[in-house]
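Student: Please choose one part of this structure and take a close look at it with me. I would like one connected answer, in short steps.

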Amino acid sequence: FIIFDKWRIDRMPKKTFVTLDQIKEITRTYPTPFHLYDEKGIRENASKLKEAFAWNKGYREYFAVKATPNPFILNILKDYDCGCDCSSLTELMMADRLDFDGKSIMFSSNDTPAEEFAYADKVGAIINLDDITHIDFLEKTIGRIPETISCRYNPGGYFKLGNSIMDNPGDSKYGMTHEQIIEAFKILKSLSLIHISEPTRLRCI
């Protein structure tokens, strides 16, 4: 987690990338509702993120496809070596159709149907297990555990900014507890896996 000073955030200038007159001009051609994206801003921020973590060899940002399931946006992010964090079969299919390679696709899902695990394995995605029971379910579904596997961690507790609670992971239904993830890693290690990872999510508050 990266925590920025709240005093500075409250006083940061807020400026849109288009003016009201420009919006009015756009609506003369494209009737509402529509989504308008700032490609220049997206590219600049993606570039800054990549540069900020350049010290970490092998680092890759996996963008949550469900946040903006737009193939044009995903292709822009691909230019900066971003991957896709998928949570459904549809999102996996989108990432695959956009030619993201398997290592650039993370499949994070809870209450996952067998067909979605099977498809994730088919396209070579990194499967991120949400629950310790998924280990056995995945093995029965695809007949093995992939050489590279990931487990989703829920650290519990509270995340605060000053006196304000920003998030309460302990109440979340997602991810494994500290005890569960240790047990999960023991099980996976016993299966002679080579790469086991524990993805975390970076939040800029």
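Tutor: A residue counts as buried when its relative accessible area is under 20%, as exposed when that area is over 50%, and as partly exposed in between. Keep these cut-offs in mind. The model is predicted.

Our part is Arg152. Arg152 sits in the loop between β5 and β6. Is Arg152 buried or exposed? Its relative accessible area is 16%. The cut-off for buried is under 20%, so Arg152 counts as buried.

Now look for its partner. Which residue forms a salt bridge with Arg152? The partner is Asp130, and the closest N and O atoms lie 3.3 Å apart. Arg152 is in the loop between β5 and β6 (159-161), while Asp130 is in the loop between β4 (126-129) and α7, so the salt bridge ties together parts that are 22 residues apart in sequence. Asp130 is buried too, just as Arg152 is.

Arg152 also has a neighbour from further along the chain. Take Ile181. The two residues are 29 apart along the chain, yet 8.0 Å separates their C-alpha atoms. So much for Arg152 itself.

Now set Arg152 against the whole. The protein chain has 205 residues, and 31% of them count as buried. Arg152 is one of the buried residues. The chain forms 8 helices and 8 strands. Take contacts between residues at least 6 apart in sequence: 46% of these join residues at least 24 apart. The accessible surface comes to about 13,700 Å². Carbon and sulfur atoms hold 53% of that surface.

How many salt bridges does the structure hold? There are 8. We have met Arg152 with Asp130. Two others make useful comparisons.

Start with Arg144 and Asp121. Their side chains form a salt bridge, 2.6 Å from N to O. Arg144 lies in the loop between α7 (134-142) and β5 (148-151), and Asp121 lies in helix α6 (residues 114-122). This pair links distant parts of the chain, 23 residues apart. Now check the surroundings. Arg144 has 38% relative accessibility and counts as partly exposed. Asp121 is partly exposed as well, at 21%. Recall that Arg152 and Asp130 are both buried.

Next comes Arg43. Its salt bridge is with Asp79, with the closest N and O atoms 3.1 Å apart. Arg43 belongs to helix α3 (residues 39-52), and Asp79 to the loop between α4 (71-78) and β2 (83-86). These two are 36 residues apart. Arg43 is partly exposed, at 23% relative accessibility. The pair is not alone, either: Glu39, Arg43 and Asp79 are linked in a network of salt bridges.

Follow Arg43 into its helix. How do α3 and α4 cross? Their axes come within 10 Å, at an angle of roughly 35°. The crossing is right-handed. On the α3 side, the contact uses Glu39, Ile42, Arg43 and Ala46. On the α4 side, it uses Ile73, Ile76 and Leu77. Sorted by class, this contact has 5 nonpolar residues, 2 charged ones and no polar ones.

Some loops nearby in this tour have backbone details worth a glance. Asp79 shares its loop with Asp81: both are placed between α4 and β2. Asp81 has a positive phi of about 65°, although it is not a glycine. It is partly exposed, at 34% relative accessibility. Asp111 also has a positive phi, about 50°, and is not a glycine. Asp111 is in the loop between β3 (105-109) and α6. Its relative accessible area is 73%, so Asp111 counts as exposed.

Finish in the loop between α2 (20-27) and α3, where Pro33 is found. A cis peptide bond joins Thr32 and Pro33, with omega at about 0°. Asp38 also has its place between α2 and α3. Asp38 is partly exposed, with a relative accessible area of 26%. Asp38 and Phe17 are 21 residues apart in sequence, but 6.8 Å apart in space, C-alpha to C-alpha.

Back to where we began. Arg152 is buried at 16%, and its salt bridge partner is Asp130.

Key: Residues numbered from 1 in each chain as written. Predicted model: local features only at pLDDT ≥ 70, side-chain atom pairs only at ≥ 80, totals over all residues. Heavy atoms only, no water. Helix = DSSP H or I, 4+ residues; strand = E, 2+ residues; numbered from the N terminus. Buried < 20%, exposed > 50% of the residue type's maximum accessible area, 1.4 Å probe, protein only. Contact = heavy atoms within 4.5 Å. Areas by Shrake-Rupley, 256 points an atom, 1.4 Å probe, with all protein chains shown as cover. Salt bridge = Lys/Arg side-chain N within 4 Å of Asp/Glu carboxyl O. Axes fitted to C-alpha atoms, helices over the stretch in contact; angles between N-to-C directions. Left-handed = near helix turned anticlockwise from the far one by under 90°. Nonpolar A, V, L, I, M, F, W, Y, C, P; charged D, E, K, R; others polar.
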